Amino acid sequence: MDFLTAILNGLSSGGTYAIIAIGYTMVYGIAKMLNFAHGDIIMVGGYAMFTTLLLVNQPIPALAVAIVFCVILGICVERFAYRPLRGSSPLAVLITAIGVSSLLQSLAQIVFGAAPKMPTRLQISGAWTFGELRIAYSTVVTLAVTVVVMSALTVFVKYTKPGRAMVAVSEDRGAAQLMGVNTNAIIAITFAIGSALAAVAAYLMLMKAPSLSNTLGAMPGIKAFTAAVIGGIGSIPGAMLGGILLGVIESVALSIPVLAPFTEAIEFAVLIVILLVKPAGLLGKTRREKV
Amino acid sequence: MKKFLSIVLAVLMVAGCCAALSSCSKDSETIKIGLSGPLTGDAAVYGLGVANAAQMAVDEINEKGGLNGIKLELKAMDDVNDKSKVQNNYAELISWGMQISLGCVTTQPALEFKTLSKEDNVFFMTPSASADAVRAESNGYQMCFADAKQGVAAANYVNTLNLSKIGIFYQSDLDYSTGIRNEFKANLSTGITVVEASFTTQTASNFETQIAQLRECEFIFMPIYYTPAALFMTQAKAETGIKTYYGCDGFDGIESAKGFTISEIPQKITMLTHFNSAATEGAAKTFIDNYTAKYGADTLNQFGASAYDCVYAIFGALKKAVEEGKTVDASTSASDMCEILKAQLNGGYEYTGAVTGTGTVKWTAEGFVNKEALVHVIKEANS
């Protein structure tokens, strides 16, 4: 029964990782860059919610404000930090992303201070009990949100014009541009979607554990990136699968006292094993390089 | 102008000589106790508590005639909780003629003080610097519980509670936490089943899994700092299986953690301490009354209570040494004083009537304090 509880908790944190990982994977697939500031967008979303809660003490408006704020921030970051570097070496873009990440973290610390905030208004506690098994409301909410986001994105990518343009850009940016796709706009939309998902992830995290500091998104960001790589970076279902898998591994490891101190080591070891066995990730496409 | 300046300088020099002379004449009659602590700055409340309480103890002892007529004298220097200030303070205390010391109030300066005092073999007993390393040299002693030794005191307490099962929630990548947890487990009665859950700095943002593991433990021991503790408690609000949280000095200040509404937590929250600032009887009560009458309640804290005990413990040890035929007076060198005090503390000296802990206080040969811990109830269970 303890094991089942651990799995359920894992699904819950895995759902959050999946939503963050989708942001990573979409940006990578379309802009071919690793947006390491993605985790910090989550943190900014958290603070946006915290600030809104001070004004209107309601979680839903707070979430809405956070989504809008993060979308604007994401588009701005893309426009002013990444777009001028398009076409330059991947290393320059990567370093810039890390710079943006530090900038956001430091700004948050200057504005809100280093002591963690506890927006308990966002917390959803309580659970359904079935005999010995308990399913927390927050787990159900997380899984529901993950499934909705996943289906909505699939529909968006497959059946809408901007969605199909996204696929086109990810397949071959040059060719898509020649076919009349506005790649800059598509990349901006991708960042907007990723940032909106980051705000949702912030809500899911604070709903379970209301502790908000300027490093809120740092570790989940890295875990989600790992999840995206495990699932196959660039693949949306892969990000989902990787996120859930990583969440479950983490939760099970934490629930075994002997393994608990080594949780992170185990998670990243899984990444290494998967990369050794399937270098493109679980659902990644292996592309033959032309020589 | 030059003439005027030279007169001023001459006057200053004469004044300086007089001051030196007057202090000299005063020096020869007292046993000098030196102390360095944060008297200004963020941690001033601790330093002032220590300086005030130590002065109070010195005054009381002197009123009753001192050590067979020899009075004690205290000098407190300000280190602003900055270890780089300690060297100057120490040099000044030594040139003042410090024979015994209360060391430093806070841990980082105390570690510096430890190194400096070792060279001159100056005895010190810190009221509050709790890192294990503070007493690593043979001239250093502690009145507060050393970090890891809190585990022993906590286990002694838990052993008296008649529990069959307890939970431990600790941070596996923090020496403070694992140190207490190891000592705690080593000293716990074998009849008690332990359920353990841990976290690391990286996993300190969500305790769902750990709460699921500890859900059925009525009593949870948490040797961690208050920030993760507050998060755990907030996340576990709905857990009716958990009745009591028990922490160590890391819980100090939890009620004022940002955004944490302690009244929302239904469980009872307790912590290990050596001083009850709300005591209504005994030596602690007398100390609190006298202290607040003299210095007000703003700086009343366990640091001061501990400093008060340090002075009395040192005084008691000196008195016993004199009774045993040792010569202790204003001319005893710091190093001789150190050997005399060490012989007492390592030779079974017991300090009775302590304000901190309960009853008698002893020291191990390593300089660790050995006394009973008190349980401070931060918050009763909501009914």
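1. In this predicted model, strands S1 (residues 127-130) and S2 (residues 133-136) of chain A run antiparallel and are joined by four bridges. Within this pairing, Trp128(A) has Ile135(A) of S2(A) as its bridge partner. The two strands form a hairpin with two residues between them. Gly131(A), which lies in the turn, has a positive phi of about 60 degrees.

2. The side chains of S2(A) alternate along the strand. Leu133(A) and Ile135(A) point to one face and are buried, whereas Arg134(A) and Ala136(A) point to the other face and are not buried. Ile135(A) thus appears twice in this description: as a buried residue and as the partner of Trp128(A).

3. Helix H8 of chain A comprises residues 183-208, 26 residues in total. From its first C-alpha to its last the helix reaches 38 Å, close to the 38 Å expected at 1.5 Å a residue. H8(A) is mostly covered, with 23 of its 26 residues buried. At the start of the helix, a side-chain oxygen of Asn182(A) comes to within 3.3 Å of the backbone nitrogen of Asn184(A).

4. Turning to chain B, the reader will find eleven helices and 13 strands. The C-alpha trace of chain B spans about 80 × 55 × 40 Å along its principal axes. Its radius of gyration is 23 Å, which agrees with the value near 21 Å for a compact globule, because the chain has 383 residues. Of those 383 residues, 53% are buried. Among contacts in chain B between residues at least 6 apart in sequence, 69% join residues at least 24 apart.

5. Chain B contains an open sheet of five strands with parallel pairing, in the order S2-S1-S3-S4-S5. Its edge strands are S2 (71-78) and S5 (140-142) of chain B, each of which pairs on one side only. On average, neighbouring strands of this sheet are turned by 25 degrees against each other, direction ignored.

6. Within chain B, strand S1 (residues 30-37) pairs with S2(B) in the parallel sense over eight bridges. Ser36(B) stands opposite Met77(B), a residue of S2(B).

7. Two helices of chain B should be viewed together with these strands. Helix H3 (residues 86-96) of chain B lies across S1, S2 and strand S3 (100-104) of chain B, and runs at about 155 degrees to S2(B). Helix H4 (residues 107-120) of chain B packs on the sheet, where it touches S3 and strand S4 (123-126) of chain B. The direction of H4(B) makes about 145 degrees with that of S3(B).

Note on methods: Residues numbered from 1 in each chain as written. Chains lettered and ligands numbered in written order. Predicted model: local features only at pLDDT ≥ 70, side-chain atom pairs only at ≥ 80, totals over all residues. Heavy atoms only, no water. Pairing = 2+ DSSP bridges. Axes fitted to C-alpha atoms, helices over the stretch in contact; angles between N-to-C directions. Contact = heavy atoms within 4.5 Å. Buried < 20%, exposed > 50% of the residue type's maximum accessible area, 1.4 Å probe, protein only. Expected span 1.5 Å × (residues − 1). Polar contact = N/O pair within 3.5 Å; in protein donor to acceptor, adjacent residues only side chain to side chain. Rg over C-alpha atoms; globule rule 2.2 N^0.38 Å.
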